[in-house]
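Here's a quick tour for anyone meeting this structure for the first time. Have a look at the picture below, then read on for the main points.

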Amino acid sequence: MVGLGFTALLRLAWLAATVPILVVSLPIRPVGFLHRMITGFAARGKTMIMNSSTQKFTVPQRYFLHFYWWALALTTSLALSTWFYAYRKMVPLASESLSYSTVASHLTGGSHIFSSHKVPSTPMEHKYQVWRTVFVLLLMEVQVFRRLYETLNVFHYSPSARMHFLGYLTGLLFYTGAPLSLGISCASEALSYARDQIAEFIVKGRDRMPDLQIDWLELLKPLLLLGWCQWIGAIIFLWGWLHQLRCHAILGSLRENKGADEYVIPYGDWFRYVSCPHYLAEIIIYFGILVASGGSDITIWLLFMFVVSNLTFAAAETHRWYHHKFENYPKTRRAIIPFVY
């Protein structure tokens, strides 16, 4: 297991990032300065007002690409290491007998949702926990791969589009913390197993190592044996994923002329209802990942809370920008959720 110290540090980081956003979202005068400061750090592209004093603290918005290359590398490493460990050490699943309580825990995705550090009561529960981790890391892999593709082929960032350096740093930290949070329950033991296998290979050499026989059915079958919680989570994830794909395509089509700096009002899909449907879809995506994880670790809950608070705040700022920019902006659209202006 990952050490409790690292787990506590990761949770503290999510709290430290979430609480200021929640505070500045309150409609009270004393937090006005903090609101302006966080807005400045989070601003990018069309919502960033450039001047000589802030120019030197910004980077090109196309540096979004760095987030997804890094996230893809880290998530792939964690997913493959955990999958390899699960395949070599955590099968079979179906052939072992389960008690009623173990079956119930497996089907619902886990128990003790708000435990400080969930420890499976049986080896069988631990096996399902490891395979659940493989499952949610694969969902994350699908998400960051698509975001990388969109950054390369869908979005056409203006040469003048910038973002604050602290916002850039926050993105890198997010895409470091998110995969680590999803693999928090078993990533350490999986990486240790992979490291030991590599060390053994180096010491013994290829000729003295047993052949690695991969049974592709056994490699995939345990994922199919996971509980309904994982598959409901996957359906929610896919729903948000497809809508975000569509909304990003709409936004990308508005800037087919890569050198243009003119902004227009987007229409179509969930843009009929909210100003930032791609943010709403991302919240749904991470909610699906949370459900697929079984909701058994507070670290993933804290990750989800950060996603919700950050994207809701960003959507509110973008919504205000739209109303300020366009006199004919649709009055029926909300920021991201119905009760937000």
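Helices here are DSSP runs of type H or I with at least four residues, strands are E runs with at least two, and both are numbered from the N terminus. Counted that way, the protein has 12 helices and two strands. Keep in mind that this is a predicted model.

**The overall layout**

- Going along the sequence, you meet the elements in the pattern α-α-α-β-α-α-α-β-α-α-α-α-α-α.
- The chain has 341 residues, and buried ones make up 50% of them.
- "Buried" means a relative accessible area under 20%, "exposed" means over 50%, and "partly exposed" is what falls in between.

**Stretches listed as transmembrane**

- An unreviewed UniProt entry lists residues 6-28, 67-86, 128-145, 165-184 and 223-242 under "transmembrane region".
- In the model, residues 67-86 are 100% helix and 0% strand, with 28 Å between the end C-alpha atoms.
- Residues 128-145 are likewise 100% helix and 0% strand, and their end C-alpha atoms lie 26 Å apart.

**A closer look at helix 6**

- How far apart are the end C-alpha atoms of helix 6? They sit 45 Å apart, which agrees with the 45 Å that its 31 residues should span at 1.5 Å a residue.
- Helix 6 is mostly covered, as 24 of its 31 residues are buried.

**Salt bridges**

- Side chains of opposite charge can pair when their charged atoms come close.
- A pair counts as a salt bridge when a side-chain nitrogen of Lys or Arg is within 4 Å of a carboxyl oxygen of Asp or Glu, and the count comes to five.
- One of them joins the side chains of R11 and D297, at 3.0 Å from N to O. This pair links distant parts of the chain, 286 residues apart: R11 belongs to helix 1 (residues 4-24), while D297 is in the loop between helix 11 (277-292) and helix 12 (298-325). Both R11 and D297 are buried.
- Another brings R147 together with E150, whose closest N and O atoms are 3.7 Å apart. Because R147 and E150 are three residues apart in helix 6 (residues 123-153), about one helical turn separates them. R147 and E150 are both buried.
- E317 and R320 form a salt bridge too, with their closest N and O atoms 2.8 Å apart. These two are also three residues apart, in helix 12, which is about one turn of the helix. E317 counts as buried because its relative accessible area is 19%, whereas R320, at 45%, is partly exposed.
- Shared partners join R146, R147, E150 and E282 into one salt-bridge network.
- An α-helix has 3.6 residues a turn, so residues three or four places apart point the same way.

**Aromatic rings**

- A pair of aromatic rings is described by the distance of the centres and the angle of the planes.
- The structure holds 19 aromatic pairs.
- F67 and Y68 make an edge-to-face pair, with 6.3 Å from centre to centre and 80° between the planes. Both are buried: F67 has a relative accessible area of 3%, and Y68 has one of 2%.
- Y68 also pairs edge-to-face with Y175, at 5.3 Å centre to centre and with 75° between the planes. Y68 lies in helix 4 (residues 64-89) and Y175 in helix 7, so this pair ties together parts that are 107 residues apart in sequence. Y175 is buried, just as Y68 is.
- Zoom out a little, and ring pairs link W14, Y63, F64, F67, Y68, F165, Y168, F174, Y175, Y286 and F306 into a cluster.

**Two other contacts to find**

- Where does S185 lie? Look in the loop between helix 7 (165-182) and helix 8 (187-204). S185 is buried, with a relative accessible area of 11%, and its side chain makes a polar contact with the side chain of T133 at 3.1 Å.
- R333 lies over the face of Y267, 5.0 Å from the ring centre.

Technical notes. Residues numbered from 1 in each chain as written. Predicted model: local features only at pLDDT ≥ 70, side-chain atom pairs only at ≥ 80, totals over all residues. Heavy atoms only, no water. Buried < 20%, exposed > 50% of the residue type's maximum accessible area, 1.4 Å probe, protein only. UniProt positions renumbered as here; feature names shortened; annotations may be inferred. Polar contact = N/O pair within 3.5 Å; in protein donor to acceptor, adjacent residues only side chain to side chain. Phe/Tyr/Trp six-rings, centres within 6.5 Å; stacked < 30°, edge-to-face > 60°. Lys NZ or Arg CZ within 6 Å of the ring centre and 35° of its normal. Expected span 1.5 Å × (residues − 1).
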